[in-house]
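Grab a coffee and work through these short exercises on cysteines, cores and aromatic rings. Try each task before you read its solution.

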Amino acid sequence: SNDGKSLWQSGTVTWTPPDASMEFKTCVNNDMELYYYRVHWSAHLSDSDVWVDKVVGIPMPVPLTGSTGAFVAQDRLFLVKENRLECSPVSRPSVINGSEHVEFAMGDESQITGGCHLFSIQGSEYYSPILIFKKTATYLLTGTGPDWQRHELSRYDGLAAPDTLVVVNLPITIPGLGTTIAIGQGTTGIFISDGKPPRIVSKDIEQYFDPRHEDCIQPENLDKSVGFMDYDLLEYHWLFQSGTNAMRKEMVLNLEKMEWFEIDRGNHPLEFGFSVKDTYR
């Protein structure tokens, strides 16, 4: 105010929001439930030649603490909180609020290790299912949200090493697989899923998952593996620690031939990898 006139100049009015447990939503005129606040002046504004056209507020931000991971699917940001998922509205990853925002649990209390979305086209229909992984379980979300239908694909195979999960758009037709697949490392092998239950594709190198074999990955190293794609050669590289001495190894799966081979880089083994591309190419 200035000279006794309220709203005399531009500015903002702020206050410390009360605890969420002290507030509640109210329905007015059968409209959607909202939080309402009353702004009160000690005198009529018209006495100061002031007329209010509209009042605009900014919702209190939701504290985004406790997240253990995140991924993007169907143009939404999904935050992982142990066994729960919290997603943003479409195309608004910075908004964790509103009618399109939803939070829900997946399966039992074990932690979610990753997620991704695939796509397929059947005739004129476009499908974009979402895969949700735990260490020993895989789930599928169908629909466009926020009211997804939830399906359990496996209670035994899941994603044990989060950094191995890669989504691949196949430029060729591979019998038995869709055009987009997810590939990663579980507890019993390397799996591929195109929206169906995970399929193990590492039988040729199963010694790395056989606890009776000296090359088996030790339990404490199971989640430390890394995976990345070489899209030019359509090859999936799997970096892991083998045996009790945690020897670094690099195995490669050629997706076109579905064949494994090993790369020996001598004293300079890879520890991490990811794909990049030139936007002008």
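A disulfide here is a pair of cysteine sulfur atoms within 2.5 Å. Before you start: the model is predicted, so local features need pLDDT of at least 70, side-chain atom pairs count only at pLDDT 80 or more, and totals for chains, interfaces and linings use all residues. Residues are numbered from 1 along each chain as its sequence is written, and side-chain values use heavy atoms, with hydrogens and water left out.

**Exercise 1.** Find how many disulfides the whole structure has, then check Cys87.

*Solution.* Step one: searching the whole structure turns up zero disulfides. Step two: Cys87 is in no disulfide, and its nearest cysteine sulfur, from Cys116, is 16 Å away. Step three, accessibility: buried means under 20% relative accessible area, exposed over 50%, and partly exposed in between (1.4 Å probe, protein chains only). Cys87 has 0%, so it's buried. Cys27, at 41%, is partly exposed.

**Exercise 2.** Work out which residues have the most contacts inside the largest nonpolar core, and which strand gives the most to this core.

*Solution.* Start with the term: a nonpolar core is a set of buried Ala, Val, Leu, Ile, Met, Phe, Trp, Tyr and Cys residues joined through side-chain atoms within 4.5 Å. The largest one has 25 residues, and Val168, Ile183, Trp238 and Leu255 have the most contacts inside it. Next, the strands (DSSP runs of E, at least two residues, numbered from the N terminus). Those giving two or more residues include S11 (161-169), S12 (180-185) and S16 (235-242). S16 gives the most, with three residues. A second, separate core has 16 residues, among them Met106 and Ile132.

**Exercise 3.** Describe how the ring of Trp148 pairs with Phe78 and with Phe104.

*Solution.* First, the rule: rings of Phe, Tyr and Trp (its six-membered ring) pair if their centres lie within 6.5 Å; planes under 30 degrees apart are stacked, over 60 edge-to-face, and the rest tilted. That gives nine aromatic pairs. Phe78 and Trp148 have ring centres 5.6 Å apart and planes at 50 degrees, so they're tilted. Phe78 sits in strand S2 (residues 76-81) and Trp148 in the loop between S9 and S10, 70 residues apart. Phe104 and Trp148 are tilted too, at 6.1 Å centre to centre and 50 degrees between the planes. Phe104 lies in strand S4 (residues 102-105), so this pair ties together parts 44 residues apart in sequence. Last, burial: Phe78 is at 0%, Phe104 at 6% and Trp148 at 9%, so each counts as buried.

Notes. Helix = DSSP H or I, 4+ residues; strand = E, 2+ residues; numbered from the N terminus.
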